[in-house]
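Reader: Please take a close look at one helix and its packing partners. Cover the exposed loop positions on the way, and finish with the nonpolar interior.

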Amino acid sequence: MCGIVAYLGVKPALPIVVGGLKRLEYRGYDSTGVALIESDGKGGDELVIRKKKGKVSDLMDYIGEEKLTGNVAIGHTRWATHGPPNDINAHPHRAESNRIALVHNGIIENYTTIKETLHNRGHALLSDTDSEVLVHLIEEVMKSGGLTLFEAVRTALNQVVGAYAIVVIDKENPTTLIAARKSSPLVIGLGEDGSFYVASDATPIIPYTKNVVYLNDEEIASLELDGGLRIRTTSNVKITPQIQALELEIESIEKGGYEHFMLKEIFEQPKSIRDSLRGRIDIKKGEIRMSGVDDHWEKWNNASRIVILACGTSWHAGLVAEYLFEDYTRIPVEVEYASEFRYRNPIVRADDIVIAISQSGETADTLAAIKTAKDAGAHVFSVCNVVGSSISRESHSGAYTHAGPEIGVASTKAFTSQISVLTLIALHVGVKKGRLPKGRFLRLLNELNGIPELVESVLKQVDVIYDVAAEFTESNNALYLGRGYQFPVALEGALKLKEISYIHAEGYPAAEMKHGPIALIDESLPVIFIAPKDDVYEKVVSNIQEVKARGGRLVVVVTEGDKEASALADYVIKVPKCAPSLSPLLTSIPLQLLSYKIAVLRGCNVDQPRNLAKSVTVE
Ligand code: G6P
């Protein structure tokens with residue numbers, strides 16, 4: 001949450017930082033700001049801050065024609081935690097002397113104590129934020145200890161409890177940036193001309209350089225135009241920077257002709273699923289290759305339980321995985337909200353395999369939960385999308401989903417890629433342990449390999465799905481129902497609808513409907529049944545009958561050739577036939593398109609729904 005971008009070089013910094021902030025708006029978009037070091041026209045430098053409630057475009061309107069040509073700048077797009085979104089609470093923040101400015105992502109937990117001390121020393125803080133205390137603290141430390149900027153930042157950070165990614169500029173050191181992180185991500189890009197780019201993720205950096213250094217927790221970097229990059233830990237240990245090459249392409253972070261990122265990402269799913277499976281399936285040999293599993297086979301083979309930790313959509317992928325693992329491997333599975341697990345004194349054993357699922361790899365609760373599991377001796381395996389992310393680095397092993405950057409706040413392609421990878425793992429472990437008969441394994445493997453083509457055929461029905469969407473734009477509530485593998489799909493369908501269209505929606509196991517939601521059913525309530533042909537199909541048809549008898553407006557997602565459920569429904573969406581355990585990869589797609597179109601027709605901002613952010617780096 002909150003996006004940070006900074007630039008230090010020889011080019012005008014403003015367009016680079018603003019362009020980067022636009023790419024990071026998925027992290028928060030309630031207020032935006034930049035700070036630049038500009039010439040004061042008298043041979044010296046001055047700190048110029050421009051910040052505004054609203055999105056990056058509002059900031060640009062505010063800056064208008066103003067000439068800001070400095071070559072060093074920091075920028076921030078905010079998702080409010082402490083203090084409402086307004087011009088004052090927007091970042092960057094500065095202290096009284098107008099010398100240092102700072103942007104911050106994270107939460108300073110002991111900010112009230114620090115604030116009190118600063119007040120007592122005569123500092124006047126202007127905002128309600130926790131972040132502002134940090135810039136005053138740095139300046140205070142610098143003044144009282146006669147320290148360099150780097151040392152002052154390091155000393156101040158040692159007084160801070162909480163999470164931070166920060167970048168600091170100082171008009172007295174106009175060729176230096178200081179960046180530091182703890183529990184919030186930060187990437188440093190190294191330009192060929194000696195320039196530096198800093199950002200919360202690599203997307204603002206890709207247009208300029210592929211060489212990056214990921215800062216680790218409790219590391220501080222000093223970036224100097226002529227002096228290069230130096231990194232130390234907050235406890236002052238020298239670190240040798242590890243330069244890595246980015247594999248992202250610029251096209252992957254652009255809309256490519258689509259109206260919204262979400263739509264682009266929905267339509268990318270044949271490719272993203274293919275990329276998730278690529279190199280891991282050998283159809284000729286009838287094998288799966290997963291080094292993250294094979295290299296730790298003893299752990300997987302001896303696991304008495306699998307515990308899945310995740311949040312949001314990733315948690316729904318975890319629920320699908322519960323069905324998959326229990327079906328294919330017969331290992332008991334528990335799926336936990338990471339936020340509950342971490343504060344619950346959970347029982348974790350050394351023979352547990354913990355699977356952390358996270359698109360961003362930065363979700364604070366998931367990160368903290370796996371640390372708890374690791375401390376208790378469990379083997380932690382992560383399924384992340386963002387390469388080099390904190391969760392992937394904190395895990396013992398893992399498998400990337402390789403879905404490519406997901407920018408729309410509502411997760412779509414990441415979800416189906418997570419399920420694809422989890423299916424591979426469950427199949428692999430199941431057959432290797434001898435719990436999944438080879439014949440069934442081979443049939444499923446072949447079907448999984450062909451799923452991208454089936455996804456393509458679901459996407460071809462976009463017009464049918466859009467027609468259904470047009471019928472529900474005025475709804476206030478919706479109910480999504482499914483059994484077995486379709487229960488998590490129902491939850492995910494409901495989440496998609498509420499997060500982008502603001503229609504209240506609930507997902508339920510279809511049979512549970514009788515224990516409450518049935519009371520809601522009337523002629524105005526859309527009830528979406530996910531009812532492909534599987535072992536529980538007949539049971540679901542009975543549930544559809546029950547809704548029909550009470551006048552609910554029925555949408556059904558069914559297998560091609562379906563008759564019974566379709567005959568009862570007002571609207572029918574068809575998906576191709578496939579193995580029930582693979583069907584979430586198909587049935588979830590019409591629900592994504594349905595939510596997308598309803599939200600567009602309601603005039604909602606699909607890519608940036610209100611109050612949400614994509615990378616939830618605060619707990
Ligand atoms: C936020 C996002 C969701 C995402 C969840 C977990 O709520 O809006 O799309 O599913 O965080 O994020 P993760 O990156 O851990 O998958």
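Author: A residue is buried under 20% relative accessible area and exposed over 50%; in between, the residue is partly exposed. Keep in mind that this is a predicted model.

Start with the loops. Asn98 sits in the loop between β5 and β6 (100-105). Its relative accessibility is 29%, so Asn98 counts as partly exposed. The backbone here deserves a look: Asn98 has a positive phi of about 60°, yet Asn98 is not a glycine.

Arg330 repeats the theme. Its phi is also positive, about 60°, and Arg330 is not a glycine either. The loop in question runs between α10 (312-329) and β19 (333-337). Arg330 has a relative accessible area of 58%, so Arg330 is exposed.

A further arginine is Arg278, in the loop between α7 (269-277) and β16 (281-282). At 54% relative accessible area, Arg278 is exposed. Its partner in space comes from elsewhere in the chain: Asn449 is 171 residues away in sequence, but the two C-alpha atoms are separated by 9.3 Å.

One peptide bond also stands to be checked. The link from His91 to Pro92 is cis, with omega near 0°. Pro92 belongs to the loop between β4 (72-78) and β5 (93-94).

Now the helix you asked for, α20 (residues 584-601). Two packed helices are described by the angle between their axes and the distance between the axes.

Take α16 (residues 462-470) as a partner. The angle between α16 and α20 is about 50°, and the axes lie 8 Å apart. That angle makes α16 oblique to α20. Their crossing is right-handed. From α16 come Val462, Ile465, Tyr466, Val468, Ala469 and Ala470. They meet Pro590, Leu593, Leu594, Tyr596, Lys597, Ile598 and Leu601 of α20. By class, this contact has 12 nonpolar, no polar and 1 charged residues.

Turn to α17 (residues 486-501). Its angle to α20 is about 15°, with the axes 9 Å apart. Angles under 35 degrees count as roughly parallel. Therefore α17 is roughly parallel to α20. This crossing is right-handed too. The α17 side includes Gln486, Val489, Gly493, Lys496 and Leu497, along with Ile500 and Ser501. The α20 side has Pro584, Thr587, Ser588, Leu591, Ser595, Tyr596, Ile598 and Ala599. Sorted by class, the contact holds 8 nonpolar, 6 polar and 1 charged residues.

Compare the two lists for α20. Tyr596 and Ile598 appear in both, meeting residues of α16 and of α17. Polar residues are absent from the α16 contact, while the α17 contact has 6 of them.

Last, the interior. In soluble globular proteins, nonpolar side chains tend to be buried together. Here the largest nonpolar core has 89 residues. Trp300, Phe325, Ile355, Ile425 and Tyr480 have the most contacts inside it. Look at Ile425. Setting aside neighbours within four places in sequence, Ile425 is in contact with Met290, Val293, Trp300, Phe325, Phe381 and Val383. A second core, separate from that one, has 32 residues, among them Ile16, Leu24, Val48 and Tyr214.

Conventions
Residues are numbered from 1 along each chain as its sequence is written. This is a predicted model: local features need pLDDT of at least 70, side-chain atom pairs count only at pLDDT 80 or more; totals for chains, interfaces and linings use all residues. Side-chain values use heavy atoms; hydrogens and water are left out. Axes are lines fitted to C-alpha atoms, for helices over the stretch in contact, and angles run from 0 to 180 degrees between N-to-C directions. Helices (H or I, at least four residues) and strands (E, at least two) are DSSP runs, numbered from the N terminus. Angles under 35 degrees count as roughly parallel, over 145 as roughly antiparallel, 65 to 115 as roughly perpendicular and the rest as oblique. A crossing is left-handed if the near helix is turned anticlockwise from the far one by less than a right angle, and right-handed if clockwise. Contact means heavy atoms within 4.5 Å. Ala, Val, Leu, Ile, Met, Phe, Trp, Tyr, Cys and Pro count as nonpolar, Asp, Glu, Lys and Arg as charged, and the others, Gly among them, as polar. A nonpolar core is a set of buried Ala, Val, Leu, Ile, Met, Phe, Trp, Tyr and Cys residues joined through side-chain atoms within 4.5 Å. Buried means under 20% relative accessible area, exposed over 50%, partly exposed in between (1.4 Å probe, protein chains only).
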